[in-house]
Amino acid sequence: MKKTATGLTRRLWLAFAALALCGVALNGQQRQGRGQGAGTPNPGRGGAPPNLDNVAVHVLPVQGSVYMLVGAGGNVTVQVGKEGVLLVDTSFAQMSDKIVAEVRKLSDKPIRYIVNTHAHPDHIGGNENISKVGSTIGGGNVGADAPTGATIIAHENVLNRMSAPTGTQAPFPVAAWPTDTYVSRQKEVYFNDEAVVIMHQPTAHTDGDSIVYFRRSDVISTGDVFVTTTFPIIDRQRGGSLAGIIKSLNLLLDLAIPRDKQEGGTYLIPGHGRLCDEADLLEYRDMVTIVRDRIDDLVKKGMTLDQVKAAKPTLDYEGRYGAASGPWTTEMFIEAVYNEMRGASAKK
Amino acid sequence: MDALRRVKFAAGFVLVTALIVGRPAGGQTLQQSRGIDLSGEWAPRFHEDQPERIPGPDIGDYLGLPINAAARLHADSWDASLLTLPEHQCKPHPADYSPRGPANLRLWKEIETATQQVIAWHTHISWQAPERTIYMDDRPHPPEYAAHTWQGFSTGKWEGDVLVVTTTHLKMGWIRRNGVPRSDRATLVERFIRHGDVLTLISWINDPIYLEEPFVRTTNWALDPRQNIAAYPCQAVVEVDRPQGIVPHHLPGTNTFLNEFPTKFNIPAEATRGGAETMYPEYILKLQAMRKPAAK
């Protein structure tokens, strides 16, 4: 598999681009048959960005002061209030104008914060464009004139992935980089009368994942540690792992509290796909755990990768999450899990 | 045109115009839109499928279910211990299964005061107390990216005296209480039919993920004006102290309970595995062939 200039494999880039188009497929259409990937337009083998000219952005009120924007790219979370606007992720750069237009319908206050859940282009592509139209409140020792644009918050590993050592070409322009990174377990912001907790999820989808918990609104923006459209995409080259994803899903289950009858309560905005609550998350967590257990069992029996694939350990979930073709196929998912289970088995 | 023909033409014109103009914007005439009154307290009747609905189905009993291989594996892997996890304990039955359980039913209508039109029907069922709204005002179903719920999003229309309800946006659920799944991509179409004091519900599930063919079943109630449905609070508790993240399930090929059902009823194991063909009378011939002792 060839690596691109950014160090990410071409397949994974294509996977993220294809995930980006989930929004296109989700725009009011009931997908049929075999999962997301089979029906997903190919974004182009040359790695060119998909044509998103005709993709609309839709706004879904979630609860409290939080909204979900659905279009191409990852879902964008918007929190609005008297102090301004906070966005979680910015989708592709091509979607920026449409996203800003929808945000302006929700609030005429400045965009103050952008939080990046991870460093993939379908989630941070609009950083530069959207931060430009926002503003940070400057002052104190920094000086009132120093900050320009919205503050971009992310785990430090996101900055590491988007930047490059001096003298080498960075994969993203400086203006798109996070301006406020954290290295601890979590970062806390109080904005629009609401505690916003940004929690690092180590070695999950990548090594820089954050989930964003809006405590008053009772909404969690999960990034790609939880999606409803595919089997988990494990970016192992960027520090991701199935074990980390499962750990993150279990944390989300702890944070989410349903209302009566296991419905609603805490809402979750997944990285891709539809709005969810704990029951939806639970099904996904169960699925990922069961598939992990099955493949682990086959690895422990000494099966080769081909034998594991032939055993169809994902059969009962393929119609919902699988893909026979496209950038992130069921076989690629099985292979990623197989390699991780083999590695774990070898360490024991 | 003679005078008589002119009168006939004029009368016909007036009649047709009246029919067109008198038709509400919703698409159904006022008379049609009334349907029959389904309101009331309805007590379930269990003469159909009683062993499945009350004591509960046996593990591995997929007889007569048009399930595919994916559903079969899912059900084979299902472990009832899953329901000991706190997050699973207070799940209500989804809209398509709820009428099958201990299903004392209340049906009531919501009337818009100004027009006296029925704008919605509501249902309440006893076990876990799920409530549904069936919108009668021709509103569209939400986009796919909207949340799915246990009861889904339902719209209804009258076909004569039959209330036809279409439901989308269901959460992942089940069509039998032994792990046979129904996906969140399924569509449910129901027909509520009242004959005097008897209510019949015909439900039709289309599931592109887990069914080979639509799954159709009927359920009945009798009017019971003295019925009072009790509240159904649910509080999840930790029943088994386990490490976080454990999900009870059977690995493929390890569920020994699957053998119990065919043994208990002396049914060929192959027949218990379900599939569309097991729904049809012709399958009896195949079943008889399975029963023949192997030639010596």
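Student: How many residues does the contact take from chain B, and how many from chain A?

Tutor: The contact takes 31 residues from chain B and 36 residues from chain A, where two residues are in contact if their C-beta atoms, placed from the backbone, lie within 7 Å. On the side of chain B that touches chain A, the largest share, 5 residues, comes from helix α4 (residues 69–77) of chain B. Sorted by class, that side of chain B has 17 nonpolar, 9 polar and 5 charged residues.

Student: What should I know about the model before reading further?

Tutor: Residues are numbered from 1 along each chain as its sequence is written, while chains are lettered from A and ligands numbered from 1 in the order in which they are written. The model is predicted, local features need pLDDT of at least 70, side-chain atom pairs count only at pLDDT 80 or more, and totals for chains, interfaces and linings use all residues.

Student: What are the ipTM and pTM of the model, and what is the mean pLDDT of chain B?

Tutor: The model has ipTM 0.88 and pTM 0.88. In chain B the mean pLDDT (the predictor's confidence in each residue, from 0 to 100) is 90, and 87% of the residues reach 70 or more. Residues 13–27 of chain B have pLDDT below 50, and this stretch makes 8 contacts in the model beyond near neighbours in sequence.

Student: What makes B:Glu190 count as buried?

Tutor: A residue is buried if 20 or more other C-beta atoms lie within 10 Å of its own, exposed if 12 or fewer, and partly exposed in between. B:Glu190 has 22 C-beta neighbours inside 10 Å, and therefore it counts as buried. B:Glu190 belongs to strand β9 (residues 187–195) of chain B, and, leaving aside neighbours within four places in sequence, it is in contact with B:Val165, B:Leu201, B:Ile202 and B:Ser203. Taking whole chains, buried residues make up 32% of the 296 residues in chain B and 55% of the 348 residues in chain A.

Student: Which residues touch the most other members of the largest nonpolar core?

Tutor: A nonpolar core is a set of buried Ala, Val, Leu, Ile, Met, Phe, Trp, Tyr and Cys residues joined through C-beta atoms within 7 Å. In the largest one, with 88 residues, the members that touch the most others are A:Leu87, A:Val115, A:Val212, A:Leu268, A:Leu281, A:Ile295 and A:Val337. Helix α9 (residues 278–300) of chain A gives this core its largest share, 11 residues. Apart from residues up to four places away in sequence, A:Ile295 touches A:Val308, A:Pro313, A:Ile334, A:Val337, A:Tyr338 and A:Met341. A second, separate core has 23 residues, including B:Leu65, B:Ile67, B:Tyr97 and B:Leu211.

Student: How do you know that strands β9 and β10 of chain A pair?

Tutor: Helices (H or I, at least four residues) and strands (E, at least two) are DSSP runs, numbered from the N terminus, and two strands pair if DSSP finds at least two bridges between them. Strands β9 (residues 194–201) and β10 (residues 209–214) of chain A are joined by 6 bridges in the antiparallel sense, so the cut-off of at least two is met. Within this pair, A:His200 stands opposite A:Ser210 in β10(A). Helix α8 (residues 242–255) of chain A packs on the sheet, where it touches β9, β10, β11 (219–223) and β12 (267–270) of chain A.

Student: Why is one side of β8 and of β13 in chain A left without a neighbour in the sheet?

Tutor: The open sheet has 6 strands in the order β8-β9-β10-β11-β12-β13 (chain A), with mixed pairing. β8 (186–191) and β13 (276–277) stand at its edges with a single partner strand each, so one side of each is left without a neighbour. β11(A) and β12(A) pair in the parallel sense over 4 bridges, and A:Tyr267 in β12(A) is the bridge partner of A:Val219.

Student: How do you know that both faces of β12(A) are covered?

Tutor: A:Tyr267 and A:Ile269 on one side, and A:Leu268 and A:Pro270 on the other, are all buried.

Student: Which strands make up the closed barrel of chain B?

Tutor: The closed barrel of 9 strands runs β1-β2-β3-β4-β5-β6-β9-β10-β11 (chain B), with mixed pairing. Strands β2 (residues 105–111) and β3 (residues 118–125) of chain B run antiparallel and are joined by 7 bridges, with B:Thr123 in β3(B) as the bridge partner of B:Leu107.

Definitions and conventions. Axes are lines fitted to C-alpha atoms, for helices over the stretch in contact, and angles run from 0 to 180 degrees between N-to-C directions. Ala, Val, Leu, Ile, Met, Phe, Trp, Tyr, Cys and Pro count as nonpolar, Asp, Glu, Lys and Arg as charged, and the others, Gly among them, as polar.
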